[in-house]
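Biologist: Could you take a close look at one part of this chain with me? I would like a connected walk through it, from a single residue out to its surroundings.

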Amino acid sequence: IKKGMPVEEYCQMYPCQVILLGYFLQWTRECEVAITESRTDRKAIPNIVKKYTNAVTKMPSVMFKGSQQSDAVTIAKWENLFCLSVNIREVTDDFQRKKVRDLKDFEWIRNPRYYLNDEGVTLTVADYRNEYGCEFFGCSQSLLPTREKYTLLLIKAVSQFSGVAVSGEDTVSRRGTVKNLAGMCGRFLLNLHCSSYTTYDCLSKILTGLAQEGAWGCFSQVLCLSESVMESLAQCIHIILGNLQQKNEECSLLNGQTVILNPNFAVFVTKTSNKYRTTPLPKSLRGMFRLISIAHPSTSAILKTITTVLGFKSGKLLTDRLMMVRKLTAMQIQPKERSTITISHLRKCLMLAADRKQGASRHSAQGRASSF
């Protein structure tokens, strides 16, 4: 990246996670230079916005140009890189709209920033600063736009050695939000779905291993645990987090076991809530966990990203029409059936349209070649 290697070259050479991390490093460095020069050069920030806007415009053509000869992994790399480019373009556009002129401005420091040093890569969000964990996450597709508000709240709770309770409706990806944060920090995340059959011995062994290794744990549907197990779990978490807040290197659990603590440890729990009924956390857990409610993501923003990734030229216009069709369809059907009109169904329709579009273009190209 420092030598000016084009995106097309290192997208073919390296894994997806390395590509996204390198793109973040490049964006951080260029934005800091632009913000610093904006005091003397009024075109510094507009130029960087123009650069990433052009990158978003050209990337679909490059992606579809080589899609016929590329494998599924390479195509997934391009899709992830393009989604990141769209999110970065929107964040960079906010700098120009909100007139960011200082590196200490909150609009700049609230975003995840990556720096390369002799020891590795360092992640910085607001006053949180820690080394990138380098945990391998593979090439997973994520079409959700960047949600800095939740990122900042989650990172703030993790930096203060406080547990995080993520709440939301059934249609909201609670575990996905925690997984995206773990991928951003490069930390190993263990997901455990709790039930009435989960025992405290199992949970204590998991917490002990996570605390020693400095990994993250996410206990989904924690309210399904029995009262006795939940109280014992709360006491165990209280001992570990309390010693981490006091910067102790080790602690003793309820069974007398001594655990060597790693300060990178973090624990999350999730619970389901809706607008009709919300079950609060028990008092034993309420004081140790910061409650964060996840709202529905912007459907129009996701559809706009999907249409742009699939190579449609007028993404905004097509998104507006899809939203109108979705609204009119919801008015004509029963309320119980409205949940069937999801983003995944609209995405399948768009992917089918994109396949037919590519098939028609290939047939027309073959027809022109045969005529010659």
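Where is S195 found?

Modeller: Happy to help, and please keep in mind that this is a predicted model. S195 is found in the loop between β5 and α8, so let me describe that loop residue and then the two elements on either side of it.

S195 has a relative accessible area of 27%, and it is therefore partly exposed, since buried would require under 20% and exposed over 50%. Not counting residues up to four places away in sequence, S195 touches C224 and L225. Its C-alpha atom is also separated by 7.7 Å from that of V222, and these two residues are 27 apart along the chain.

Now for the strand. β5 belongs to an open sheet of five strands, in the order β5-β6-β9-β4-β10, with parallel pairing. Because β5 (189-193) and β10 (289-293) each have a single partner strand, they stand at the edges, and one side of each is left without a neighbour in the sheet. From one strand to the next the twist averages 20 degrees. The partner of β5 is strand β6 (residues 216-220), and five bridges hold this parallel pair. Within it, L189 stands opposite W216 in β6.

L190 is a good residue to pause on, and its place is in strand β5. With a relative accessibility of 29%, L190 counts as partly exposed. Leaving aside neighbours within four places in sequence, L190 is in contact with I206, L210, W216, G217 and C218. Two of these names come back in the helix: I206 and L210 are among the buried residues of α8. On the other flank, the C-alpha atoms of L190 and K179 are separated by 9.3 Å, with their positions 11 residues apart along the chain.

Next comes the helix itself. α8 (residues 200-213) has 14 residues, which at 1.5 Å a residue should span 20 Å; the C-alpha atoms at its ends are 20 Å apart, so the two values agree. Its buried residues are Y200, L203, S204, I206, L207, T208, L210 and A211. Many of these positions are easier to read with the helical repeat in mind. An α-helix has 3.6 residues a turn, so residues three or four places apart point the same way. The cover over the buried residues of α8 includes β5, β6, α9 (227-245) and β8 (258-260). After α8 comes G214, which has a positive phi near 75 degrees.

W216 also links this part to the interior of the chain. The largest nonpolar core has 56 residues, and W216 is one of those that touch the most other members, together with Y23, W27, F95, Y114, L181 and F268. Apart from that core lies another, of 35 residues, including M230, A234, L241 and L261.

To place all this in the whole chain: its secondary structure comes to 13 helices and 10 strands. Of its 372 residues, 43% count as buried. Among contacts between residues at least 6 apart in sequence, 72% join residues at least 24 apart. The chain exposes about 21000 Å², and carbon and sulfur atoms supply 54% of that area.

Conventions. Residues are numbered from 1 along each chain as its sequence is written. This is a predicted model: local features need pLDDT of at least 70, side-chain atom pairs count only at pLDDT 80 or more; totals for chains, interfaces and linings use all residues. Side-chain values use heavy atoms; hydrogens and water are left out. Two strands pair if DSSP finds at least two bridges between them. Helices (H or I, at least four residues) and strands (E, at least two) are DSSP runs, numbered from the N terminus. Axes are lines fitted to C-alpha atoms, for helices over the stretch in contact, and angles run from 0 to 180 degrees between N-to-C directions. The expected span of a helix is 1.5 Å times one less than its number of residues. Buried means under 20% relative accessible area, exposed over 50%, partly exposed in between (1.4 Å probe, protein chains only). Contact means heavy atoms within 4.5 Å. Accessible areas come from the Shrake-Rupley method with a 1.4 Å probe; for residues, only the protein chains shown count as cover. A nonpolar core is a set of buried Ala, Val, Leu, Ile, Met, Phe, Trp, Tyr and Cys residues joined through side-chain atoms within 4.5 Å.
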